[in-house]
Amino acid sequence: MTRPPARRGRNRNRSRSRRRLLPAPRVLLGLLLISLFVGVLVVQAYINAEFTSDHLESEVGDQAGVPAAIRGGGPIINTTGGQESSSRLPERTIALTFDDGPDPEWTPKVLDVLRENDAHGTFFVVGSEVARQPELTKRIVTEGNELGLHTFTHPNMQRIAPWRRDLELSQTQVAIARAANVRTNLVRFPYSSKPQAIDEVNWKIVKDAGKLGYLVVVNDIDSEDWQRPGVAQIVKTATPPGDASAVILFHDAGGDRSQTLAALKVFIPAMKARGYRFTTVTEGLNLSIAEQEKDQTVALPLLPVNPVAASTDRLRGSGLLWTVRLADGMVWGLAGLFLVVGLLTIGRTALLLLLATRHARQRRRPDWSWGPEVTEPVSVIVPAYNEKEGIEAAVRSLAGGDYPAIEVVVVDDGSTDGTAAIVERLGLPNVRVVRVPNGGKSNALNTGIALARHDIIVTVDGDTIFEPDSIRMLVQPFASPAVGAVAGNVKVGNRQTLVAAWQHIEYVIGFNLDRRLYEVLNCMPTVPGAIGAFRRVALAEVGGVSDETLAEDTDVTMALCRAGWRVVYEERAKAWTEAPTTLEQLYRQRYRWSYGTMQAMWKHRKALTDSGDSGRFGRVGLPFLALFGVALPLLAPVVDIMLVYGLVFWELSATMVAWGLMLALQLFTAAVAFRFDNESMRPLWRLPLQQFAYRQLMYLVLIQSALTAMTGGRLRWHKLHRAGLGGARNSAASPAAPPGQDVAPAVDTWPPVLDQLGDPDHPAAGRATARPPVPTQSVPHYDSDHHQYDSDDRYDDELPSAGSPPVGGSGPVFTRGA
């Protein structure tokens with residue numbers, strides 16, 4: 001029963017309205033993934049201080065606005081409460097300070113040296129490292145040492161905005177609060193040195209820190225241990241003159257600190273022998289305050305060492321620590337995946353070059369032959385749904401081949417564009433048209449096979465054009481009785497557009513080169529729908545062409561491999577197909593392919609535990625396809641992510657060299673594949689561009705397919721819009737009927753082995769085991785004037801979905817032909 005036209009219009013408009021208002025799921029998925037990775041990489045770059053422009057030392061500028069008392073004063077500068085003063089430690093007092101930690105290797109060793117010598121120090125820590133080393137930060141405090149801020153990412157404070165300066169300090173403060181349950185009043189800015197080097201820009205930053213309640217600590221002496229000049233030189237440089245006090249700068253991170261450790265082991269005992277005491281900065285400041293009290297009537301308040309942190313700071317610090325851990329974990333994960341992708345890519349390339357080269361050399365030997373020439377009659381099945389643009393050229397190329405006996409059966413799968421009529425008007429004597437109500441490609445193939453007379457079956461898509469010798473070349477491998485199916489060489493016929501040209505490259509490299517490899521390993525996963533040949537007996541053994549997946553060609557090929565039939569590749573049998581010319585159409589096609597392949601792999605998963613031929617395919621073919629056909633493409637985006645990260649945050653030259661090496665490897669593989677296929681190398685100039693657009697689309701396709709498969713979603717079949725290969729090759733003139741060829745065979749049930757597939761462990765288990773399923777569908781309708789009209793107004797979202805057999809019995813089959 002047809003729906004009222006008005007209602008159809010309303011439904012369609014409502015559907016289109018929804019499409020306009022809501023983004024497509026793949027767009028949302030892409031945006032979410034991009035946002036996630038960009039966010040993680042930005043956080044990771046921030047906490048790793050990869051913004052290199054922030055980490056450059058600055059020359060000392062104008063000092064006219066800096067008070068002389070500050071420039072000539074001590075290393076502890078106090079601008080809190082609006083005051084401007086500085087302090088020194090008492091005589092024979094040393095405050096050892098350590099910058100840039102905590103470091104998991106060197107900080108514990110520094111702490112050990114201090115404990116062995118009964119000395120304490122002040123550690124000016126980097127907040128991002130505190131977040132990574134909370135236990136080590138706590139140990140610093142537990143052993144009586146003091147913490148100070150050295151910012152969160154170690155930037156040059158002169159080169160960043162005021163809001164970020166505050167953030168650098170506050171983030172480090174809350175990180176310390178979470179790690180050690182303390183807070184600090186001390187801060188030392190990266191790239192600062194002595195009071196004499198403070199200029200007007202730095203003085204403003206110092207005063208801003210004072211407004212936040214911080215004492216700014218510089219140093220009296222820089223040990224210059226960061227230059228690693230030798231132990232003796234570090235000790236000499238760090239030694240204060242006479243009985244002078246000193247805040248001395250050392251480092252417990254940032255590289256090899258073995259000289260620092262050795263110098264401390266000498267320096268501390270030597271200075272104690274001279275009567276020096278070792279304190280933290282705050283303890284030394286309190287000693288200075290105590291000495292000042294002797295001359296004052298009002299007692300000055302002493303500063304606490306490592307005061308207890310506020311609970312709110314601890315809570316904020318927890319969030320910060322988990323953010324850092326998450327970013328670190330994800331980036332380490334990406335780095336690990338990058339290594340895995342690299343190893344898989346190199347391994348796959350090595351296998352391709354080794355085995356595909358062996359295959360090509362074998363086939364091109366002058367004495368190579370499949371056996372006696374095959375001349376048996378061939379039935380060509382062409383399932384067609386709305387193929388008016390290309391069906392004439394396709395049928396002419398098939399019927400006019402140079403093979404001695406060709407029968408072409410065009411199965412019109414409920415087309416609404418007159419496809420069947422176009423073929424009928426050709427009047428080719430060896431071509432028949434079979435009309436069936438729309439039931440999907442698998443149903444059309446099974447119907448055509450059932451109606452075909454001959455035992456060699458060639459399957460062809462309705463938009464594909466054959467070379468004159470393609471059928472002859474395609475069936476020659478059947479000279480070997482072990483061969484059950486043959487995959488032909490699919491070529492892109494419409495290479496004029498950039499999108500189609502990219503697919504041409506992919507077909508030559510990713511499909512045809514791979515098929516050489518799969519044949520050598522005897523685990524061919526797919527005989528392409530565009531050009532493939534089968535033994536009827538092999539198809540009958542596996543139950544025909546299943547409609548349980550969207551990749552019916554992959555499904556049936558896997559079943560044949562499991563049943564012990566050999567599936568081979570014949571490079572000389574060429575078919576020219578029309579590739580999608582827009583990204584939207586390409587996306588739909590590849591989404592169906594990848595999702596259908598995953599369906600087929602899941603369907604045949606029992607092969608992993610089978611014995612015999614099925615088990616051999618399961619333990620070789622399925623893992624190989626899962627590893628290189630699914631896992632590697634799913635992980636491949638890591639390469640592009642790391643490339644972007646490297647371009648922005650790492651060494652530009654090193655990143656470009658790494659990317660260039662990978663591109664060179666791809667170009668070399670592509671050149672080998674193009675040479676094997678006797679193709680011009682000219683299209684390969686597009687390969688670098690392909691890395692920045694086409695590959696990303698394929699990533700998204702595979703990711704969405706995997707998510708659809710994991711969530712149990714259903715994918716509908718989308719009809720691609722064809723323009724036709726109008727000037728395509730070899731549209732032969734109408735041939736004469738082959739002598740003695742009968743093209744009106746009796747119709748039998750397909751598959752013809754219904755009663756032999758009861759074993760659930762049989763490789764064909766779960767496949768179609770009944771008469772070709774043809775859905776109940778309205779036959780052509782006529783108005784009162786006997787004019788035919790379509791019973792439905794079809795559009796993409798109403799196309800049949802795979803895996804859902806139609807309800808009802810078989811519908812009528814209309815056959816017309818010679």
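This report describes one helix pair and the internal cavities of a predicted model.

## The pairing of α19 and α21

Helix α19, which covers residues 552–562, packs against helix α21, which covers residues 612–635, and their axes lie 8 Å apart at an angle of about 135 degrees. Angles over 145 degrees count as roughly antiparallel and those from 65 to 115 as roughly perpendicular, and the two helices are therefore described as oblique to each other.

On the α19 side, the contact is made by Met 558, Cys 561 and Arg 562, while α21 contributes Asp 613, Ser 614, Phe 617, Leu 622 and Leu 625. Sorted by character, the residues of this contact comprise 5 nonpolar, 1 polar and 2 charged.

## The largest cavity

When the whole structure is searched for cavities of 30 Å³ or more, 2 are found. The largest cavity holds about 110 Å³ of space, and its lining consists of 16 residues, among which Leu 445, Thr 459, Phe 534, Val 545 and Asp 553 lie nearest the centre.

Helix α19 appears here again, since the elements that give two or more residues to this lining are α15 (441–451) and α19. The lining of the largest cavity divides into 10 nonpolar, 2 polar and 4 charged residues.

## The second largest cavity

The second largest cavity has a volume of about 40 Å³. Its lining includes Glu 146 and Leu 147, the residues Arg 183, Thr 184, Asn 185 and Leu 186, and also Thr 282, together with Pro 304, Val 305, Asn 306 and Pro 307. By character, the residues of this lining fall into 5 nonpolar, 4 polar and 2 charged.

Methods: Residues are numbered from 1 along each chain as its sequence is written. This is a predicted model: local features need pLDDT of at least 70, side-chain atom pairs count only at pLDDT 80 or more; totals for chains, interfaces and linings use all residues. Side-chain values use heavy atoms; hydrogens and water are left out. Axes are lines fitted to C-alpha atoms, for helices over the stretch in contact, and angles run from 0 to 180 degrees between N-to-C directions. Helices (H or I, at least four residues) and strands (E, at least two) are DSSP runs, numbered from the N terminus. Angles under 35 degrees count as roughly parallel, over 145 as roughly antiparallel, 65 to 115 as roughly perpendicular and the rest as oblique. Contact means heavy atoms within 4.5 Å. Ala, Val, Leu, Ile, Met, Phe, Trp, Tyr, Cys and Pro count as nonpolar, Asp, Glu, Lys and Arg as charged, and the others, Gly among them, as polar. On a 1 Å grid over the protein atoms alone, a cavity is a set of points where a 1.4 Å probe fits but cannot get out, and a pocket is an open set with protein on both sides within 12 Å along at least five of seven lines; lining residues have an atom within 4 Å of a point. Grid points are joined across faces, edges and corners, and a volume is the space filled by probe spheres set on the points.
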